[in-house]
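Hi,

Here is the structure I promised to pass on to you. Have a look at it first, and then read on for my notes on what turned up in it.

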Amino acid sequence: MAKLTKRSENYSQWYNELVVMADLAEQSAVRGCMVIKPYGYSIWEKMHEILDRMFKETGHTNAYFPLFIPKSFFSREADHVEGFAKECAVVTHYRLRTNADKTAVEVDPEAKLEEELIVRPTSETIIWNTYRNWVKSYRDLPILVNQWANVVRWEMRTRLFLRTAEFLWQEGHTAHATKEEAMEEADKMVHVYADFVENYLGVPVVIGRKTENERFAGADETFCIEALMQDGKALQAGTSHFLAQNFAKAFDVTFLNKENKPEYVWATSWGVSTRLMGALIMAHSDDNGLVLPPHLAPIQVVIVPIYKNDEQFAMISERVKDLCAKLKAAGISYKYDDRDTQRPGFKFAEWEMKGVPVRLAIGPNDYENSTWEVARRDTLTKESVSDANIVEHIKTLLEDIQKNIYKKAYDFRAAHTYKVDTWEEFKRVIEETPGFISAHWDGTTETEEKIKELTKATIRCIPLDAEEEEGVCVYSGKPSKRRVLFAKAY
RNA sequence: CGGGGUGUAGCGCAGUCCGGUUAGCGCACCUGCUUUGGGAGCAGGGGGUCGCCAGUUCGAAUCUGGCCACCCCGACCA
């Protein structure tokens with residue numbers, strides 16, 4: 001296996017190589033679309049499984065809506081079309097035929113669709129069109145539905161996990177009788193995301209509101225969680241939208257309230273995608289490869305045997321089998337790497353590349369002494385641990401690693417978050433020491449766009465916990481009541 | 001969609017300028033032996049419509065024309 005490019009040499013190249021070398025994903029034959037490989041998919045499955053549980057604990061159920069959306073649905077909500085029109089894949093025909101000399105297939109011009117179908121870039125329209133029939137009375141509300149699906153956005157430039165033409169995600173779409181309830185739902189879900197990303201991915205996030213300019217197309221309010229990557233760029237890790245009555249009005253979804261008066265339904269939508277994989281990778285990994293937080297690692301412990309002959313291998317395997325039974329009982333996921341086609345050094349490097357949190361090695365010496373060599377991925381340190389309390393040790397160690405990974409990311413973010421009060425300093429920080437910039441802003445889209453044009457930094461969010469504080473806009477000098485968070489973003 | 005670049009074995013490349021043996025190298029792969037506590041060594045071996053189509057020529061990976069695909073940088077974006 002080749003060597004990974006160092007982060008300090010070329011961060012972007014490091015990321016691209018890591019994704020491939022850790023066996024997470026690869027480019028497919030289709031432009032902009034990736035193949036998620038089994039190891040990468042097993043991490044996504046963990047995310048799916050945990051999030052799904054959290055959604056259900058907060059009262060949601062899963063459903064499934066069509067991949068295709070009639071073109072006309074898109075014209076219903078003006079802002080929504082505006083936001084997605086430029087990146088839609090369109091189905092125009094439904095049949096192929098072999099060409100004249102039978103050497104290839106071509107689109108059958110006879111088989112043109114009456115109305116083109118759009119491959120969903122998001123499902124608000126098809127779902128709200130459906131909800132019209134589901135909602136008649138206040139008794140039908142709320143609707144708390146989530147969908148796990150793939151969506152397509154025809155991006156100009158793509159990168160594995162961070163931005164692909166097709167990606168996997170979940171999208172929650174809820175319907176409520178009152179504005180307050182919908183707002184509460186949007187707020188609740190952004191906190192569910194924050195909880196998930198911080199406690200499982202081990203990535204600290206800032207919870208905030210988007211500026212009007214950065215809002216989801218069709219939303220009256222967009223909440224988000226923003227994370228900081230190791231190169232000082234921000235990554236939006238999840239969003240939750242308060243859609244007001246925009247889609248209800250566009251699709252004529254009304255209900256009769258207790259006073260027998262018709263009212264439009266209030267909506268939210270919220271989603272996270274396979275982009276979280278990108279966040280996970282970029283937040284923790286190092287020059288040796290992926291670093292996975294134990295709460296999300298498909299394999300928490302890998303065991304590598306070291307032996308010179310079949311007899312030793314058989315002996316050691318017995319000891320490993322005993323341990324595996326104990327690990328299983330303790331609810332720890334493990335893999336015994338008993339391949340005799342690879343040597344130990346190769347396996348060490350490979351499992352490091354794949355980010356397995358804990359590696360055990362056992363050779364004739366350990367067998368003799370009833371010990372295990374325990375190596376942790378996050379710190380790359382090794383120690384010898386007695387067989388007598390190995391399971392307890394691993395249990396504690398996994399929790400330690402989870403905490404340590406989070407702390408490392410938290411400290412990194414703290415060290416790369418700057419309170420800035422002058423324009424000169426703003427420009428210098430963006431150029432020289434990228435990270436989050438906490439600064440005053442006059443609240444206008446004009447200033448926001450000017451700053452973006454000059455520095456490429458955008459307002460990531462207005463943090464929910466931003467304190468009231470009199471100040472002046474870092475660019476325009478006009479008065480401001482609170483600081484917002486700027487950064488260059490993915 | 002603008003600018004730049006690249007297509008030669010699974011991957012990474014040399015060869016192309018200046019046409020001429022059987023198209024070569026590294027990694028990966030296969031076989032054997034020795035190895036195995038941090039990415040093994042030696043020996044042998046397999047694998048190619050040189051992106052596609054046409055043209056020039058005795059002869060094209062190499063020259064000419066057309067086409068296609070992909071990558072990188074911008075604008076757009078979860």
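Before the notes start, one definition: a salt bridge here is a side-chain nitrogen of Lys or Arg within 4 Å of a carboxyl oxygen of Asp or Glu. Please also keep in mind that this is a predicted model.

**Salt bridges**

With that rule, the count comes to 27 salt bridges. One of them is formed by the side chains of Asp 421 and Arg 483, at 2.8 Å from N to O. This pair links distant parts of the chain, 62 residues apart. Asp 421 sits in the loop between strand E22 (417-419) and helix H13 (423-432), while Arg 483 belongs to strand E27 (residues 483-487). Asp 421 is partly exposed, at 48% relative accessibility, whereas Arg 483 is buried, at 10%.

Helix H13 also holds a salt bridge between Glu 432 and Arg 428, with an N to O distance of 3.7 Å. These two are four residues apart in the helix, so about one helical turn separates them. Glu 432 is exposed, with a relative accessible area of 54%, and Arg 428 is partly exposed, with 40%.

Arg 339 and Asp 337 make another salt bridge, at 2.8 Å from N to O. Here Asp 337 is buried, at 1% relative accessibility, and Arg 339 is partly exposed, at 28%. There is a network as well: salt bridges link Asp 23, Glu 26, Lys 37 and Lys 354.

**A five-stranded sheet and its helices**

Next, the open sheet of five strands, whose order is E18-E17-E19-E20-E21, with mixed pairing. E18 (334-336) and E21 are the edge strands; each has a single partner strand, so one side of each has no neighbour in the sheet. From one strand to the next, the twist averages 25°.

Within this sheet, E20 (residues 371-376) and E21 run antiparallel and are joined by six bridges. Trp 372 stands opposite Val 385 of E21.

Two helices lie across the sheet strands. Helix H9 (residues 310-329) lies across E17 (301-305), E18, E19 (358-362) and E20, and runs at about 170° to E18. Helix H12 lies across E17, E19, E20 and E21, at about 5° to E20.

**Two residues to look at**

Which residues does Ile 362 touch, leaving aside those up to four places away in sequence? The contacts are Val 304, Pro 305, Ile 306, Ile 316, Arg 319, Val 320, Tyr 367, Thr 371 and Trp 372. Ile 362 itself is found in strand E19 and is buried, with a relative accessible area of 0%. Its C-alpha atom is separated by 7.7 Å from that of Ile 303, which is 59 residues away along the chain.

The other residue is Asp 387, in the loop between strand E21 (381-386) and helix H12 (390-415). Which side chain of opposite charge is nearest to Asp 387? That is Lys 326, 4.4 Å away, and Asp 387 has no salt bridge although it is buried. The 4.4 Å can be set against the salt-bridge cut-off of within 4 Å. Leaving out residues up to four places away in sequence, Asp 387 touches Arg 319, Lys 326, Ser 370, Thr 371 and Trp 372. Arg 319, Thr 371 and Trp 372 are also among the contacts of Ile 362.

**Strand E11 and its partners**

Elsewhere, strand E11 (residues 206-209) runs antiparallel to strand E12 (residues 221-228), and four bridges join them. Val 206 has Glu 226 in E12 as its bridge partner. E11 is also joined to strand E24 (residues 458-463) by two bridges, again antiparallel. In that pairing, Arg 209 stands opposite Ile 462 of E24.

**Cysteines**

How many disulfides are there? The count comes to zero. For Cys 33, the closest cysteine sulfur is in Cys 88, 14 Å away, which is too far for a bond. Cys 33 counts as buried, at 14% relative accessibility.

Happy exploring, and do write back with any questions.

Best wishes

Technical notes:
Residues numbered from 1 in each chain as written. Chains lettered and ligands numbered in written order. Predicted model: local features only at pLDDT ≥ 70, side-chain atom pairs only at ≥ 80, totals over all residues. Heavy atoms only, no water. Buried < 20%, exposed > 50% of the residue type's maximum accessible area, 1.4 Å probe, protein only. Lys, Arg positive; Asp, Glu negative; His and termini not counted. Contact = heavy atoms within 4.5 Å. Pairing = 2+ DSSP bridges. Axes fitted to C-alpha atoms, helices over the stretch in contact; angles between N-to-C directions. Disulfide = S-S within 2.5 Å.
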